[in-house]
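Trainee: I am new to this structure. Can we go through its aromatic rings together?

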Amino acid sequence: MSSQATSAAGGASYASAGVDIEAGDRAVELMKEWVKKTRRPEVLGGIGGFAGLFDASALKRYERPLLASATDGVGTKVDIARRLGVYDTIGHDLVAMVMDDIVVCGAEPLFMTDYICVGKVHPERVAAIVKGIAEGCVLAGCALVGGETAEHPGLLGEDDFDVAGAGTGVVEADRLLGPDRIRSGDAVIAMASSGLHSNGYSLVRHVLFDRAGMTLETRVEELGRTLGEELLEPTRIYSLDCLALTRTTEVHAFSHITGGGLAANLARVIPDGLHAAVDRSTWAPGAVFDLVGAAGRVERLELEKTLNMGVGMMAVVPADSVDAALTTLADRGLDAWVAGEITERGERTDGAELTGDYAS
């Protein structure tokens with residue numbers, strides 16, 4: 001009997017409660033080809049088991065391996081994907097949010113698991129989400145070793161969904177990056193974002209849809225495309241770029257610019273007694289940031305503590321490593337520039353601040 005049927009006596013079943021096991025099985029079959037593309041030599045088995053397996057003997061080459069872990073989601077950006085009916089890019093955002101947190105300490109991303117929660121399993125839709133996650137894992141250099149798709153009828157609408165993920169990486173203990181390495185005189189290098197990334201969408205949606213009356217189909221000349229296309233632009237994944245920096249030059253710290261904005265996230269890696277001053281005049285935020293600010297009459301400080309303002313990752317490097325760092329990033333096709341410096345904190349109480357005005 002199909003899982004979509006009830007008994008002849010009209011008794012209740014899992015399917016009659018809204019959960020379609022056969023659709024879930026179909027989704028697993030559709031996603032398998034994409035998961036295979038993320039495979040690393042340390043991965044054992046395939047998807048479908050109760051747990052993903054990773055051969056930890058690969059860590060024997062480390063003197064003192066430290067495992068780094070992180071978990072995250074993509075916030076209300078999933079609403080944009082749902083409304084546009086585009087599901088194969090949101091996974092890039094998820095991988096970026098997880099693995100770019102892990103790489104901040106200098107760790108190499110190893111593997112990731114995902115959790116997809118839906119109101120109703122549409123196999124092709126779930127497979128498209130996993131396709132995006134798998135493609136993101138390839139860009140981050142990690143394996144997708146497993147995950148879970150949960151159907152929650154009655155709690156979520158048939159087209160509603162959410163995604164979350166957890167990841168693990170490894171770094172040699174004596175190569176751990178962070179506040180202990182930063183010194184006065186270090187330079188702060190900014191790496192360009194691909195747009196809004198995956199933070200601040202509650203503000204963005206409120207401003208552009210509720211207050212400005214725009215729609216996802218609205219073509220915005222300053223953006224050169226529709227608003228929906230801009231808002232769904234995938235988050236840039238910096239993991240391999242950051243690892244390339246650690247191989248080619250000395251790096252003291254990274255800061256992933258996510259919720260809380262540039263200054264607050266940079267301050268998280270600045271040690272007591274030191275201060276990071278970032279000069280706004282070294283770059284011009286993209287048009288989408290101006291659009292949000294103007295449409296909602298959002299004050300600059302409010303924008304800066306909510307959005308990335310055009311900078312997705314920052315690196316703190318010794319002054320004599322700047323040229324090598326910028327060359328490495330340019331060779332990888334990533335726009336980067338010196339945005340500030342580390343100084344003694346003095347009487348200041350904050351670890352980082354933005355100074356000056358943005359370039360026009």
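Mentor: Start with the rule: rings of Phe, Tyr and Trp (its six-membered ring) pair if their centres lie within 6.5 Å. Remember that this is a predicted model.

Trainee: How many aromatic pairs are there by this rule?

Mentor: Apply the cut-off of 6.5 Å between ring centres. The count comes to four.

Trainee: How are the planes of Tyr-87 and Phe-161 arranged?

Mentor: The ring centres are 5.7 Å apart. The planes meet at 65°. Planes over 60 degrees apart count as edge-to-face, so the pair is edge-to-face.

Trainee: How many residues apart are the two partners of that pair?

Mentor: Tyr-87 is in the loop between helix H2 (77-84) and helix H3 (90-102). Phe-161 is in strand E6 (residues 161-172). The pair links distant parts of the chain, 74 residues apart.

Trainee: Is Phe-161 buried or exposed?

Mentor: Buried means under 20% relative accessible area. Phe-161 has 8% relative accessibility, so Phe-161 counts as buried.

Trainee: Which residues form an aromatic cluster with Trp-283?

Mentor: Take one pair to begin with: Trp-283 and Tyr-358 are edge-to-face, 5.4 Å centre to centre. Trp-283 is in the loop between strand E11 (274-279) and helix H9 (287-296), and Tyr-358 is in the segment after strand E14 (352-355). Both Trp-283 and Tyr-358 are buried. The cluster joins Trp-283 with Trp-337 and Tyr-358.

Trainee: Which residue has its charged end over the ring of Tyr-358?

Mentor: A charge over a ring must be within 6 Å of the ring centre. Here the distance is 5.8 Å. The charged end belongs to Arg-280.

How values were computed. Residues are numbered from 1 along each chain as its sequence is written. This is a predicted model: local features need pLDDT of at least 70, side-chain atom pairs count only at pLDDT 80 or more; totals for chains, interfaces and linings use all residues. Side-chain values use heavy atoms; hydrogens and water are left out. Rings of Phe, Tyr and Trp (its six-membered ring) pair if their centres lie within 6.5 Å; planes under 30 degrees apart count as stacked, over 60 as edge-to-face and the rest as tilted. Helices (H or I, at least four residues) and strands (E, at least two) are DSSP runs, numbered from the N terminus. Buried means under 20% relative accessible area, exposed over 50%, partly exposed in between (1.4 Å probe, protein chains only). A charge sits over a ring if NZ of Lys or CZ of Arg is within 6 Å of the ring centre and within 35 degrees of the ring normal.
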